[in-house]
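Reader: I would like a close look at a single part of this model, followed by whatever surroundings help to place that part in context. Please take your time over the answer.

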Amino acid sequence: MKRTKLLLLAALLSTGTAFSQTLKVDQDVANSLTLVKPNALKAHIQYLADDKLQGRLPGTPGYQMAVDYVVQQLKDLNVQPAGENNTYLQKVRIRKAYTGNGATFTLISDQKETALVQGRDFTFYPNPQTPSVQVEAPLAFAGYGITAPEVGYDDYAKLDVKGKVVVVLRGAPKNFHSTIAAASMSLSTILQNAVDHGAVGVIIGSSNPNPRATVPNLSRGVNSIMDAKGKVGASGSFVSDQSKVLAQINATTFHTLLQGAGLDTAQVVANLRKGTPSSANLPAKMKANYTSTYQDFDSYNVVGKITGSDAKLRDEYVVHSAHLDHMGISTPVKGDSIYNGAHDNASGVASVLEIARVYSNLKQKPKRSVLFVLVTGEEMGLLGSSYFARYPTVPKQKIVANINTDMPTIIAPLLSAVALGAEHSSLAQPVANAAGYLGIAVEADPEPDQNRFIRSDQFSFVSQGIPALHIKYGNKTKDGLNNLNKQVEVWRASFYHKPQDELNDSFDFEAGKHYVQLNFLISYQVAQAKERPTWNANDFFGGRFKK
């Protein structure tokens, strides 16, 4: 989709009148909606964010307590098990991989060898599948590493990188729509695109001129999910055996590589931001050697199901998801070291449980089936959702849509909402209908620089070709200033990813009720519709990710 079309759609959405239709629901649905109680949301959050769960870190007893709680809630609601082996669980084996200290990285140019210093000049991401890696290959600069014909941009045009390691900057042209930019600069997208063009590795460069800028410290490990055969099932830093190396280099090294090809770093950066590719072969090759070590442990996704009423459509599924994990016990802040994750994401899990309650109480179930998927490892890199979306417990081709709930930030009345990702598919229609029914305006994202579309679990489903969205707060406020994002900024500074994110007076549980009702009405329409959701014609995501 061209940017002008996206901007027009965003403008329509911001009025709250796009695709306006009067949503009519029968009395059964209307009655079930009244069962959403703010105190029920509070009770779920109170349990899940209690200190005794110790921050719900995957692999810990606290996370298992959260799993057990959610399973019991689903049982109490007569939600059927939809995990593995007729249980509510899908086992997820998480591997934390570490790069050995003896990694070597040598640049070879004009018969001259320059040995780089690990931790200063470069860092290697550990390889989660191969304990010892050696690679020697020529280098090529591939700009942002983006191929996006839907928006008329390709860093790989006229550049042959077969058998080479590509050097890229993470970023996107300034005229890219925020969701397209965010997806394009996702590390997994960059890696996959490099592999698709025949590259055997990726080096992420830095253009930061600050001499104090350093390469990332990966000493705490990098996470992936392993399948039953010991292969990588899901990872944000590994896509294929073909890709031997993923590294980051500092600005000095990056500048030296470009300079060797007669490229000016500042001009290259400026050209890329304007949307002008500046790719080139580099007159150098790399020689690298590194090792990886591993720590494995098991965690779980929780999956429940409400079976649809239509004999044919019940074999298709609408997925409600939320991540169950948080960050465990970590660095103390103001004397507290338990990261309870009340907003992030006990509130999202509570929402999904109450959506399940609404479905459970319907006398007439919708035509399609509905899955409730509470995933692990979101804070570790969308791991649980990536694994479920790739290896679901139902046939993947039968999943028609995902509605994700992650940290709805219920700190103020829900007067307007943002449906992240809905503008790319026919899901925009049920969003507008549901919002109109509840008297909630629909707006464009007030914080596009937050890259929220790729930072939560809906992107795992999008990456598998499944239309998805994530409902967040809009900017509308009761005082008419319509600057809720400013209030959220203050909240974020004090609570986000801090021990202070616990059950406190920052919550507006009435807003939480409206989030539940809005998300339910969106999925209910999808579950009832004759046709499954579709990507918009020539859309970036519809063309990029195929099921």
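Reader: Is Asn 482 buried, partly exposed or exposed, and what is its relative accessible area?

Author: The model is a predicted one, and what follows should be read in that light. Asn 482 is partly exposed, because its relative accessible area of 37% falls between the cut-offs of 20% and 50%. The residue is placed in the loop that runs between strand 22 (468-473) and helix 13 (484-495). Its backbone deserves attention as well, since Asn 482 has a positive phi of about 50 degrees although it is not a glycine. As background, most residues other than glycine have a negative phi, and most peptide bonds are trans.

A second residue with a backbone of this kind is Arg 56, whose phi is near 55 degrees, again a positive value in a residue other than glycine. Arg 56 is found in the loop between helix 3 and helix 4, and with a relative accessible area of 0% it is buried, whereas Asn 482 is partly exposed. The peptide bond is the other backbone feature to note: the one leading from Asp 344 to Asn 345 is cis, with omega near 10 degrees, and Asn 345 itself belongs to helix 9.

Arg 56 leads on to Gly 341, because Gly 341 touches Arg 56, along with His 326, Ala 346 and Asp 501, when residues up to four places away in sequence are not counted. Gly 341 sits in the loop between strand 17 (336-339) and helix 9 (342-361), and this glycine is buried, with a relative accessible area of 0%. Its C-alpha atom is separated by 9.2 Å from that of Phe 495, although the two residues are 154 apart along the chain.

The two helices on either side of the Arg 56 loop can be described together. Helix 3 (residues 38-48) and helix 4 (residues 61-76) pack at an angle of about 155 degrees, and their axes are 10 Å apart; the pair is therefore roughly antiparallel. From helix 3 the contact draws on Ala 43, His 44, Tyr 47 and Leu 48, while helix 4 supplies Met 65, Ala 66, Tyr 69 and Gln 73. Sorted by class, this contact has six nonpolar residues, two polar ones and no charged ones.

Charged side chains do pair elsewhere, and the structure holds 11 salt bridges. One of them joins Arg 452 to Asp 445, with the closest N and O atoms 2.5 Å apart, and both of these residues are buried. They also take part in a network of salt bridges that links Asp 445, Glu 447, Arg 452 and Arg 492. Another salt bridge brings together the side chains of Asp 121 and Arg 120, at 2.9 Å from N to O; Asp 121 is buried, with a relative accessible area of 8%. A further salt bridge is formed by Lys 513 with Glu 510, where the closest N and O atoms are 2.8 Å apart. Both partners lie in helix 14 (residues 509-528), three residues apart, which is about one turn of the helix. Their accessibility can be set side by side: Lys 513 is buried at 17% relative accessible area, while Glu 510, at 36%, counts as partly exposed.

Two further elements show how parts of the model are enclosed. Strand 9 (residues 165-168) is covered on both faces, with Val 165 and Val 167 buried on one side and Val 166 and Val 168 buried on the other. In general, the side chains of a regular strand alternate between the two faces of the sheet. Strand 9 runs parallel to strand 6 (residues 132-141), to which three bridges join it, and Ala 140 stands opposite Val 166. Strand 9 is also parallel to strand 10 (residues 201-204), here with four bridges, and Val 165 stands opposite Gly 201. As for helix 10 (residues 383-390), six of its eight residues are buried, so this helix is largely enclosed by the rest of the structure. The buried residues are Leu 383, Gly 384, Ser 385, Tyr 387, Phe 388 and Ala 389.

To return to the starting point, Asn 482 combines a positive phi of about 50 degrees with a partly exposed position in the loop between strand 22 and helix 13.

Conventions:
Residues are numbered from 1 along each chain as its sequence is written. This is a predicted model: local features need pLDDT of at least 70, side-chain atom pairs count only at pLDDT 80 or more; totals for chains, interfaces and linings use all residues. Side-chain values use heavy atoms; hydrogens and water are left out. Buried means under 20% relative accessible area, exposed over 50%, partly exposed in between (1.4 Å probe, protein chains only). Axes are lines fitted to C-alpha atoms, for helices over the stretch in contact, and angles run from 0 to 180 degrees between N-to-C directions. Angles under 35 degrees count as roughly parallel, over 145 as roughly antiparallel, 65 to 115 as roughly perpendicular and the rest as oblique. Contact means heavy atoms within 4.5 Å. Ala, Val, Leu, Ile, Met, Phe, Trp, Tyr, Cys and Pro count as nonpolar, Asp, Glu, Lys and Arg as charged, and the others, Gly among them, as polar. Two strands pair if DSSP finds at least two bridges between them. A salt bridge is a side-chain nitrogen of Lys or Arg within 4 Å of a carboxyl oxygen of Asp or Glu.
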